[in-house]
Amino acid sequence: MSIDDYIEQHTSDQGQLLKDLERRAHIELMRPRMISGHVQGRLLKILCSIKEPKRVLEIGTYTGYAALCLAEALGEDAFIHTLECDDEMESFIHRFVDQSPYRDKIILHMGNALDILPGLVKQESFELVYMDANKREYSEYFDIIIDHLPKGAIILADNTLWDGKVALDPMPHDSQTIAIDQFNKKIRQDHRVEEVILPLRDGLSIIRKI
Ligand SMILES: C[S@@+](CC[C@H](N)C(=O)[O-])C[C@H]1O[C@@H](n2cnc3c(N)ncnc32)[C@H](O)[C@@H]1O
């Protein structure tokens, strides 16, 4: 048994709706691997339960999988705003979110995060952010949101190891690897935050505003 199989088997169940969503994504969509998936989804839920935020922000909805995981952990009067720029995903997202008991907790914004975020972060005080959209734009998302987040807010940034490519010597010249490496270096030098990169899946950074 691989260590990944072992981890899967010893992680809490994700429930039938999320299993169905993943199965349909593998049949119908081009890039189902973009979904956070069982283990990371359970981690998101647990971190959200610990943090008990009133407002959660997700940048990059895709199928709604992670939004559904985060919504499971939300208490009364707590909501998740999730942003997606690909119009073609809208009906898929609604198909599954609308079946969930947590559907009223999920507020979907269709459009480009770079356009939506400046207004949204002025309206809402986000205590937990899941950054999982265009890897080349992570630094811009961070710059837009950081001063509007309350002290103690957590940003979870996905894919920050980019299949280990950020640590290769010489580093690949592709723009995504370069952008993620620049983001990791920028976060490390920013005195407004403390951070750790977890080697889970493709790398998950936990960034805390201090
Ligand atoms: C990795 S997927 C998100 C997966 C989802 N968070 C999950 O865990 O199940 C990234 C998504 O971000 C979207 N995206 C990329 N750039 C964006 C932008 N500037 N604004 C909004 N969405 C964006 C893509 O269309 C894609 O659906």
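This is a tour of a predicted model, going from its core to its helix contacts and then to its loops.

**Helix H4 and the core**

Start by selecting helix H4, residues 65-72. This helix is mostly covered, and eight of its eight residues are buried. They are Tyr-65, Ala-66, Ala-67, Leu-68, Cys-69, Leu-70, Ala-71 and Glu-72.

Next, colour Leu-70, Val-129, Met-131, Ile-155 and Leu-156. These residues touch the most other members of the largest nonpolar core, which holds 51 residues. H4 gives the most to this core, with seven residues. In soluble globular proteins, nonpolar side chains tend to be buried together.

Keep Met-131 selected and show its surroundings. Which residues is Met-131 in contact with, leaving aside its neighbours within four places in sequence? They are Ile-59, Tyr-138, Tyr-141, Ile-155, Leu-156, Ala-157 and Asp-158. Two of the core residues named above, Ile-155 and Leu-156, are therefore among the contacts of Met-131.

**H3 against H4**

Two packed helices are described by the angle between their axes and the distance between the axes. Add helix H3, residues 37-51, to the view of H4. The two helices pack at an angle of about 35°, with their axes 7 Å apart. H3 passes H4 in a right-handed crossing. On the H3 side, the contact is made by Gly-41, Leu-44, Lys-45 and Cys-48. On the H4 side, select Tyr-65, Ala-66, Cys-69, Leu-70 and Glu-72. By class, the residues of this contact divide into six nonpolar, one polar and two charged.

Now select Ser-36, in the loop between helix H2 (16-28) and H3. Ser-36 counts as buried because it has 25 C-beta neighbours inside 10 Å, where the cut-off for buried is 20 or more. Leaving aside neighbours within four places in sequence, Ser-36 is in contact with Gly-41, Leu-44, Tyr-65 and Ala-66. Those four residues also take part in the contact between H3 and H4. For a distance label, pick Leu-21: its C-alpha atom is 12 Å from that of Ser-36, and the two residues are 15 apart along the chain.

**H6 against H7**

Move to helix H6 (residues 113-123) and helix H7 (residues 138-145), which pack at an angle of about 15° with their axes 9 Å apart. That angle makes H6 roughly parallel to H7, since it is under the 35 degrees used as the limit. H6 passes H7 in a right-handed crossing.

To see the contact, select Ala-113, Leu-114, Leu-117, Pro-118 and Val-121 in H6, together with Glu-140, Tyr-141, Ile-144 and Ile-145 in H7. The contact has eight nonpolar residues, no polar ones and one charged residue. Tyr-141 has already appeared on this tour, as a contact of Met-131.

Then select Asn-134, in the loop between strand E4 (128-131) and H7. Asn-134 counts as partly exposed, with 16 C-beta neighbours inside 10 Å. Draw a C-alpha to C-alpha distance from Asn-134 to Ile-59: the residues are 75 apart in sequence and 8.8 Å apart in space. Ile-59 is also a contact of Met-131.

**Backbone exceptions**

Most residues other than glycine have a negative phi, and most peptide bonds are trans. Three places to check against this follow.

- Glu-52 is in the loop between H3 and strand E1 (55-59). Its phi is positive, about 50°, although Glu-52 is not a glycine. Glu-52 is exposed, with 12 other C-beta atoms within 10 Å.
- Asp-77 is in the loop between H4 and strand E2 (79-84). Asp-77 has a positive phi of about 60° and is not a glycine either. With 8 C-beta neighbours inside 10 Å, Asp-77 counts as exposed.
- Pro-170 is in the loop between strand E5 (154-158) and helix H8 (175-189). The peptide bond that joins Asp-169 and Pro-170 is cis, with omega about 0°.

**Last stop: Asp-87**

Finish with Asp-87, in the loop between E2 and helix H5 (90-97). Is Asp-87 buried or exposed? Asp-87 counts as exposed, with 9 C-beta neighbours inside 10 Å. Label the distance to Glu-195: the two residues are 108 apart in sequence, and their C-alpha atoms are 33 Å apart in space.

Key:
Residues numbered from 1 in each chain as written. Predicted model: local features only at pLDDT ≥ 70, side-chain atom pairs only at ≥ 80, totals over all residues. Axes fitted to C-alpha atoms, helices over the stretch in contact; angles between N-to-C directions. Parallel < 35°, antiparallel > 145°, perpendicular 65-115°, else oblique. Left-handed = near helix turned anticlockwise from the far one by under 90°. Contact = placed C-beta atoms within 7 Å. Nonpolar A, V, L, I, M, F, W, Y, C, P; charged D, E, K, R; others polar. Core = buried A, V, L, I, M, F, W, Y, C linked by C-beta atoms within 7 Å.
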